[in-house]
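Hi,

Here is the structure I said I would pass on. Have a look at it first, and then read on for what turned up in it.

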Amino acid sequence: MATPSNDKAPWQQADPPADDQQREEPVWTGLLPAVVPAQSVHDPENDDQHDQHDDERPGEPWELSGAGQRRAPGRTGRGSRAVGADEAAGDDDPDAEARRRAALRRDALADEPRLPRLQQVFLVLVLPLALLAAAVRVVATPLFLWAEYHRPSFPADSYGFSTEERMVFGSYGLDYVMNWAPSGFLAGLQGTDGAQLFLSSEVAHMTDVKVVLQSALAVVAVLALLGIVACLYLRAKAPGAASGALFFGSWLTVALLVALAVAAVLGWQQFFTLFHSLFFVDGSWTFRASDTLIRLYPTQFWMDAAIAVAGLALLGALAVMAATWPTAFRRHRALDRVRRRQELKRRLAGR
């Protein structure tokens with residue numbers, strides 16, 4: 001007989017068996033001690049002890065039965081209630097209590113995550129943005145600037161900037177786009193000849209770069225925080241869902257990086273122009289070869305920066321891919337977390 005296929009998500013594959021087929025065993029959940037099995041062995045001596053304790057319960061009037069055995073009013077024989085006891089108990093209906101417990105148990109077992117697919121899609125889309133933003137932030141540091149200016153094949157400035165001057169003035173430009181200093185931070189800089197180092201058009205463009213870069217990093221940071229919250233939620237409610245989304249997002253990152261790399265290799269100038277036209281007004285980002293921005297950040301600088309960003313993002317994607325690769329061990333561990341969680345909720349609902 002063929003075994004039916006199981007296409008459920010990992011967090012839906014640990015449903016407990018029905019009550020009439022279930023035999024609970026002592027399970028240590030980590031939060032509650034071992035629980036006595038539901039079908040325990042019948043012990044007559046324990047029953048006699050429980051009956052004796054029930055008969056000696058304080059606060060109830062006792063009287064002697066015909067056989068000389070003490071019993072409470074409303075009880076007949078071994079702990080059974082008399083006919084009028086249910087009427088005196090009022091609304092204590094054992095069937096209603098059983099139904100209430102069954103409803104609580106069903107609610108606990110039916111604890112499904114809310115919008116798991118939507119959260120998975122969100123994680124898939126956020127991961128490439130987060131990796132690219134992190135790579136950009138790492139590249140936009142004085143360390144990368146120093147490595148570029150001291151690289152042997154990096155083109156020298158044909159208008160007279162030495163490597164030390166490039167390092168000083170280039171660090172000012174990098175600091176300006178990463179802080180909230182006013183435009184005078186760059187406009188007040190002077191060269192060795194006492195002339196203004198950056199033109200007003202150059203300062204305006206660097207201000208635009210500051211606004212675009214910091215706004216993009218802030219938005220991605222917020223999305224990344226929401227992604228972390230979604231990962232924690234899915235890990236608790238649907239084990240295996242977050243890792244699957246991150247695994248797919250790492251592949252999406254690799255595919256995007258390959259597509260961008262092919263576009264840049266086939267036509268770097270067109271790629272560079274298209275990138276700037278998306279974020280800046282036409283004419284605000286074109287300068288002469290003798291302007292300070294071009295002398296500090298030539299075309300080779302931006303090509304190397306793009307390669308560094310792509311390489312760092314690729315390393316991050318590969319690391320996430322390796323950490324979330326769907327192995328049998330990880331799948332079994334996720335299913336075990338589902339089972340333990342549902343076991344705990346079922347026992348809490350039955351208390």
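Before the core, a word on the term: a nonpolar core here is a set of buried Ala, Val, Leu, Ile, Met, Phe, Trp, Tyr and Cys residues joined through side-chain atoms within 4.5 Å. Bear in mind that this is a predicted model.

With that in hand, the largest nonpolar core has 48 residues. Leu123, Tyr149, Leu186, Phe198, Leu296 and Tyr297 are the ones with the most contacts inside it. Two or more residues come from each of α4, α5, α6, α8, α9, α11 and α12, and α8 (200-237) is the top contributor with 8 residues. As background, nonpolar side chains in soluble globular proteins tend to be buried together.

Tyr149 is a good place to start looking. Outside its neighbours up to four places away in sequence, Tyr149 touches Phe154, Thr163, Arg166, Met167, Gly170, Leu296 and Tyr297. Of these partners, Leu296 and Tyr297 are also on the list of residues with the most contacts in the core.

Next, the helices. α12 covers residues 299-323, so to speak 25 residues in all, and spans 36 Å from its first C-alpha to its last, close to the 36 Å expected. Its buried residues are Phe301, Asp304, Ala305, Val309, Ala313, Ala317, Val320 and Met321. Among the elements covering them are α4 (116-139), α5 (142-149) and α9 (241-266).

For a close-up of the α9 side, try Thr253, which is found in that helix. Thr253 has a relative accessible area of 2%, so it is buried. Leaving out neighbours within four places in sequence, its contacts are Leu127, Pro128, Leu131, Ala313 and Ala317. Ala313 and Ala317 are themselves among the buried residues of α12.

α6 (163-178) has 16 residues and reaches 22 Å from first C-alpha to last, close to the 22 Å expected. Arg166, Met167, Phe169, Gly170, Ser171, Gly173, Leu174, Tyr176 and Val177 are buried in α6, and what covers them includes α5, α7 (184-187), α8 and α11. One of those residues, Tyr176, has the charged end of Lys210 over its ring, 4.0 Å from the centre.

Phe161 has a charge over its ring too: Arg295 lies over the face of Phe161, at 3.7 Å from the ring centre. Phe161 is placed in the loop between α5 and α6 and counts as buried at 13% relative accessibility. Apart from residues up to four places away in sequence, Phe161 touches Arg166, Phe169, Leu197, Thr292, Arg295 and Leu296. Phe161 and Gly191 are 9.8 Å apart, C-alpha to C-alpha, with their positions 30 residues apart in sequence.

Now the salt bridges, of which the structure holds 4. Arg151 pairs with Asp304, the closest N and O atoms being 2.4 Å apart. Because Arg151 lies in the loop between α5 and α6 and Asp304 in helix α12, the pair ties together parts that are 153 residues apart in sequence. Arg151 also forms a salt bridge with Glu148, where the closest N and O atoms are 3.5 Å apart. How exposed are the three? Glu148 is buried at 5%, Asp304 counts as buried at 12%, and Arg151 is partly exposed at 25% relative accessibility. Another bridge joins the side chains of Asp291 and Arg288 (3.2 Å, N to O); Asp291 is buried at 7%, while Arg288 counts as exposed at 54%. Through shared partners, Glu148, Arg151 and Asp304 make up one network.

Last, the aromatics: the count comes to 13 aromatic pairs. In one of them, the rings of Phe301 and Trp302 have centres 5.2 Å apart and planes at 85°, so the pair is edge-to-face. Phe301 is buried, with a relative accessible area of 7%, whereas Trp302 is partly exposed at 39%. Both belong to one aromatic cluster with Phe144 and Tyr297.

So where would I look again? Tyr297 appears both in that aromatic cluster and among the residues with the most contacts in the largest nonpolar core.

Cheers

Notes:
Residues are numbered from 1 along each chain as its sequence is written. This is a predicted model: local features need pLDDT of at least 70, side-chain atom pairs count only at pLDDT 80 or more; totals for chains, interfaces and linings use all residues. Side-chain values use heavy atoms; hydrogens and water are left out. Helices (H or I, at least four residues) and strands (E, at least two) are DSSP runs, numbered from the N terminus. The expected span of a helix is 1.5 Å times one less than its number of residues. Buried means under 20% relative accessible area, exposed over 50%, partly exposed in between (1.4 Å probe, protein chains only). Contact means heavy atoms within 4.5 Å. Rings of Phe, Tyr and Trp (its six-membered ring) pair if their centres lie within 6.5 Å; planes under 30 degrees apart count as stacked, over 60 as edge-to-face and the rest as tilted. A charge sits over a ring if NZ of Lys or CZ of Arg is within 6 Å of the ring centre and within 35 degrees of the ring normal.
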